[in-house]
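Subject: A structure for you to look at

Hi there,

Here is the structure I promised to pass on to you. Have a look at it first, and then read my notes below with the model open beside you.

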Amino acid sequence: MNNPIFIPSLFSKVIAVIMVLAILLILAVVLVAGHITTLDLAGTLISAVIIAYIIHLWIYYWKRPSGEEESDQ
């Protein structure tokens with residue numbers, strides 16, 4: 001039960017990739033639609049942070065050594 005809920009070194013790598021993808025997505029929408037509202041921009045960036053957090057947890061739990069699995073006792 002001592003598993004971390006935030007791994008800064010892993011999160012920084014994931015957030016960098018996710019933010020690049022979010023910015024590229026925003027640019028693609030601007031090119032197609034011509035504009036984007038401030039609310040859409042803020043929502044995209046906030047969602048990117050939440051998605052990055054979830055992905056960093058998935059990566060951590062997927063890559064952890066098999067000896068660290070929780071026991072049901």
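Let's start at one residue, Phe-11. Leaving out residues up to four places away in sequence, Phe-11 touches Phe-6, Val-49, Ala-52, Tyr-53 and His-56. Before we go on, please keep in mind that this is a predicted model.

Is Phe-11 buried or exposed? Its relative accessibility is 14%, and buried means under 20%, so Phe-11 counts as buried. Its partner Phe-6 has 41% relative accessibility and therefore counts as partly exposed.

Now for the whole chain. The chain has 2 helices and 0 strands. Of its 73 residues, 18% are buried. The accessible surface of the chain is about 5,800 Å², and carbon and sulfur atoms hold 71% of that surface. Take the contacts in the chain with a separation of 6 or more: 79% of them are between residues 24 or more positions apart.

Next, the core. Which residues make up the largest nonpolar core? There are 9 of them: Ile-7, Leu-10, Phe-11, Val-14, Ile-15, Ile-18, Ala-22, Ala-48 and Ala-52. Two elements give two or more residues each to this core, namely α1 (8-33) and α2 (38-63). The most comes from α1, which gives 6 residues. As a bit of background, nonpolar side chains in soluble globular proteins tend to be buried together.

Ala-22 is a good core residue to click on. You will find Ala-22 in helix α1, and with 6% relative accessibility Ala-22 counts as buried. Setting aside neighbours within four places in sequence, Ala-22 is in contact with Thr-44 and Ala-48. If you want to try the distance tool, pick the C-alpha atoms of Ala-22 and Ser-47: these residues are 25 apart along the chain, and the atoms are separated by 9.2 Å. You can do this again with Leu-45 and Ala-22, which are 23 residues apart along the chain and have their C-alpha atoms separated by 7.0 Å.

Leu-45 itself is found in helix α2. At 32% relative accessibility, Leu-45 counts as partly exposed. Not counting residues up to four places away in sequence, Leu-45 touches Met-19 and Ile-26.

His-56 is another residue of helix α2. How much relative accessible area does His-56 have? The value is 0%, so His-56 is buried. What does His-56 touch, leaving out residues up to four places away in sequence? The list is Ile-5, Phe-6, Ile-7, Leu-10, Phe-11 and Val-14. You met Phe-11 at the start, where His-56 was one of the residues it touches.

Then there are the aromatic rings, with a count of 2 aromatic pairs. One is formed by Phe-6 and Phe-11: the ring centres are 5.2 Å apart and the planes are at 55 degrees, so this pair is tilted. The other is formed by Tyr-60 and Tyr-61, with ring centres 5.0 Å apart and planes at 75 degrees, so this pair is edge-to-face. Why is one called tilted and the other edge-to-face? Planes over 60 degrees apart count as edge-to-face and planes under 30 as stacked, while the rest are tilted. As for exposure, Tyr-61 has a relative accessible area of 34% and is partly exposed.

Please look at the outside as well. Val-17, Val-20, Leu-21, Ile-23, Leu-24 and Leu-27 make a nonpolar surface patch of about 560 Å². Leu-21, one of this group, lies in helix α1. Its relative accessible area is 51%, and exposed means over 50%, so Leu-21 is exposed.

One last stop is Val-30, which also has its place in helix α1. Val-30 is partly exposed, with 29% relative accessible area. Apart from residues up to four places away in sequence, Val-30 touches His-35 and Ile-36.

Write back if you get stuck anywhere, and enjoy exploring!

Best wishes

Key: Residues numbered from 1 in each chain as written. Predicted model: local features only at pLDDT ≥ 70, side-chain atom pairs only at ≥ 80, totals over all residues. Heavy atoms only, no water. Helix = DSSP H or I, 4+ residues; strand = E, 2+ residues; numbered from the N terminus. Buried < 20%, exposed > 50% of the residue type's maximum accessible area, 1.4 Å probe, protein only. Contact = heavy atoms within 4.5 Å. Areas by Shrake-Rupley, 256 points an atom, 1.4 Å probe, with all protein chains shown as cover. Phe/Tyr/Trp six-rings, centres within 6.5 Å; stacked < 30°, edge-to-face > 60°. Core = buried A, V, L, I, M, F, W, Y, C linked by side-chain atoms within 4.5 Å. Patch = residues over 30% accessible without salt bridge, like charges linked within 9 Å, V, L, I, M, F, W, Y side chains within 5 Å. Salt bridge = Lys/Arg side-chain N within 4 Å of Asp/Glu carboxyl O.
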